[in-house]
Structure formats: structure tokens, C-alpha cells
Amino acid sequence: MTTRIVAKVGGSLIRDGIPQDLVRDLAEASRANEVVLVHGGGDAVTSMARKLGKEQRFITSPDGFRSRYTDKETSEIYQMVMTGVLSKRLVLALSGEGAKAVSVSGTDAGTLRARRKARLVVIDDRGRKVAVDGGYTGKVSSVDPVLLESLLRGKFVPVVSPVAEGDGHEPLNIDGDRAAASLASALGADLVVFFTDVDGLTLNGSLVTDMTAEEARRRLKEVGFGMQKKVMSAVEAVESGVGEAVICSGAGTGPLERAMKHDTCTVVRAR
Ligand SMILES: Nc1ncnc2c1ncn2[C@@H]1O[C@H](COP(=O)(O)OP(=O)(O)OP(=O)(O)O)[C@@H](O)[C@H]1O
Ligand SMILES: [Mg+2]
């Protein structure tokens, strides 16, 4: 039986080259199974913006989270790096392992649609709450899996960059973890894996190996920012019918095999 796998490759893993074992595992898995990749890469966007002399503005939410503010120029740099550089880097790495990969922006064939945040509440430098224009950032509102399905039927490995089409047909940047969860759910995936630079979720100093969605939701406040998005996405995926969600390291030997065997990782289950 073929397993349908959606794997999100964290930006930290593709910054300068991609772990060879991870690429080999994914390419190998794609021969007998169906594999869809999604990736991140916020740091690479920041460093390219800097090289281009585009000053990046960061905003702080009332809960204390800092994130990039995406104006029009930043949105273009975001697409350039995500779709133009990082997706293509993954495609070539997979090609080196014999897989036929195709890079797809979430905006291709309406694969990912998102709703733009009209207004964002931020904390200004004097600590006051103010509303600013939402910029080119969105939250996934729907997925049309038809393009990905046809690529999978053709034995291709789709590599999806985290860009979505807004209501006004504008490109919006979206979170890679949330994109992976939405795609996994729309594709009815058996497994979604979030490959990152740590083994999984750590609470009170030790790795959480197994967690129900309900427990994960309850303990979300104890989790730091990057991992919190992953845990939330894992919860969303299993609650919307994905068989299993695993957060694990993309470094080291046999990362996909480790994830599938639940070795040194965090597994989130529906119940
Ligand atoms: N409780 C926690 N357990 C494990 N990691 C945590 C925790 N809280 C915060 N983190 C951080 O979350 C990070 C992973 O998320 P991060 O967003 O940095 O990576 P990524 O999602 O792989 O990359 P990208 O966002 O570029 O795709 C870890 O490197 C770790 O520092
Ligand atoms: Mg992240």
C-alpha cells in the first residue's frame, strides 16, 4: 500500500545545502510512496533583503511575538527567495538522488488560497497597542489539491513554496508549517512530518515522544515560538484527518526512517 507523506523541511535545514541523508530518504520514499514537500526559509529571506539593501521591519504582537512585516517589496523578495532559490535548491538536491521533483508555488493552479489580514495589532516602540495595515501576509483559507494530485499520479515529487493567492489575486506569504498541515489534510495524507533543527518538542527539559492533540493544545503556552507553530500545525493536521503528525530533526542519519519509526521525535495523535 502506498503511504502519502507531506514533509515540511524547515528553513534552518536548507540555508546552505540540504542534509544529504534527508534528501536521500525523501527521494527513496518517493519511489514506493507519494511524497509532497513544503519548505520554510524566513532567515534566507531576511539575509537576501539585507543584501539588496531593503530594510526589514519587524513587528511585535501583543503576546510578545516578533515577526517580519511584509510590505510589497518584501513580498517580492520573499517569493524570489522561497520559490526562486530554496524550492529549486530542493528540486536539484532530489534530482541528485534520482527523484523527479517539480517546484510549485502555492499560487500555482490555486493550490493554496489565503485570507489577508486587513489589520494587525502591534506594540509600538513606546509600548502602546496600535493597528497597522496587514501587509502581504495571510492565513490559508482553502486548498485545491488538483495540481498536486496530478503530479503525484505522474510520479513527480511536488516541492511547494509557502506563498498563497489572496482574494484579490495577490501573492501572500504564509507560514510553512500551517501550509504543510493544510496540504496534508486536503490531500488526505497518512503522515505529515515537520523536519526541523531539533529532535522535537521539549517540555521541562525532556523530549516529548507522544502527545494527544488535546494535551498539545493544553500545553501550547509553555512552548517557544518556532516550535509552537509546529505543534499547532501538527494538532490541526491530525484533527482534520491526517493519520499522524511527527516533529523531528532533519539532520543525522535516516531522518525519515526515524520519523516513521517514532525514534527520537515527537508524535502527535488525534487521541
Ligand atoms: N519547547 C520547545 N521545544 C523545542 N524547540 C523549541 C521549543 N521552544 C522553542 N523552540 C525552538 O523552535 C525552533 C524550531 O522552529 P523554527 O521556526 O526556528 O525552525 P523551522 O520551522 O524548522 O524553520 P523555518 O521556520 O525557517 O521553516 C527550535 O530550533 C527551537 O529553538
Ligand atoms: Mg518555523
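**View 1. Strand β2 runs parallel to strand β10 in this predicted model.** β2 and β10 (residues 157-161) are joined over two bridges. If you look for L37, you'll find that its bridge partner in β10 is V159. β2 also pairs with β1 (residues 4-9), again in the parallel sense, and here there are six bridges. One of the matched pairs is I5 with V35 in β2. How enclosed is strand β2? Five of the six residues of β2 (residues 34-39) are buried, so the rest of the structure largely encloses this strand.

**View 2. Step back a little and β2 turns out to belong to an open sheet of eight strands.** Reading across, the order goes β5-β10-β2-β1-β13-β17-β18-β16, and the pairing is mixed. At the edges sit β5 (101-105) and β16 (210-212), each of which pairs on one side only. From one strand to the next, the twist averages 20 degrees. Within the sheet, β13 (residues 191-196) and β17 (residues 244-249) are parallel partners over six bridges. Check V192 here: its bridge partner in β17 is A245.

**View 3. R4 and E34 meet through their side chains in a salt bridge.** The N to O distance is 2.7 Å. R4 belongs to β1 and E34 to β2, so this is a link between distant parts of the chain, 30 residues apart. Is R4 buried or exposed? With a relative accessible area of 13%, R4 is buried.

**View 4. D210 and R269 make another salt bridge, with their closest N and O atoms 2.7 Å apart.** D210 is in strand β16 while R269 is in strand β18 (residues 266-269), so the pair ties together parts that lie 59 residues apart in sequence. Both ends are partly exposed: D210 has 38% relative accessibility, and R269 has 28%. Back with R4 and E34, salt bridges with shared partners join these two and E149 into one network. A search of the whole structure turns up 20 salt bridges.

**View 5. Here's a salt bridge inside a single helix, between K72 and E76.** The closest N and O atoms are 4.0 Å apart. Both residues lie in α4 (residues 72-96), four residues apart, or about one turn of the helix. An α-helix has 3.6 residues a turn, so residues three or four places apart point the same way. E76 is partly exposed, at 45% relative accessibility.

**View 6. Two cysteines, C248 and C265, sit here without a disulfide.** Why is there no bond? The sulfur of C248 is 5.6 Å from its closest cysteine sulfur, in C265, and that is too far. Both residues are buried: C248 has a relative accessible area of 1%, and C265 has 0%. The whole structure holds zero disulfides.

**View 7. R258 is a buried charged residue that has no salt bridge.** You'll find R258 in helix α9 (residues 255-261). Which side chain of opposite charge is nearest to R258? That is D199, 5.0 Å away. The R258 side chain does reach the backbone oxygen of T253, at 3.1 Å.

**View 8. Helix α6 (residues 176-186) is mostly covered.** Eight of its 11 residues are buried, including G176, A179 and L183. At the start of α6, a side-chain oxygen of D175 comes to within 3.4 Å of the backbone nitrogen of D177. Just after the helix, G188 takes a positive phi of about 60 degrees.

Conventions:
Residues are numbered from 1 along each chain as its sequence is written. Chains are lettered from A and ligands numbered from 1 in the order in which they are written. This is a predicted model: local features need pLDDT of at least 70, side-chain atom pairs count only at pLDDT 80 or more; totals for chains, interfaces and linings use all residues. Side-chain values use heavy atoms; hydrogens and water are left out. Buried means under 20% relative accessible area, exposed over 50%, partly exposed in between (1.4 Å probe, protein chains only). A polar contact is a pair of N or O atoms within 3.5 Å; within protein, one must be able to donate a hydrogen and the other to accept it, and residues adjacent in sequence count only if both atoms are side-chain atoms. Two strands pair if DSSP finds at least two bridges between them. Axes are lines fitted to C-alpha atoms, for helices over the stretch in contact, and angles run from 0 to 180 degrees between N-to-C directions. A disulfide is a pair of cysteine sulfur atoms within 2.5 Å. Lys and Arg count as positive and Asp and Glu as negative; His and the chain ends are not counted.
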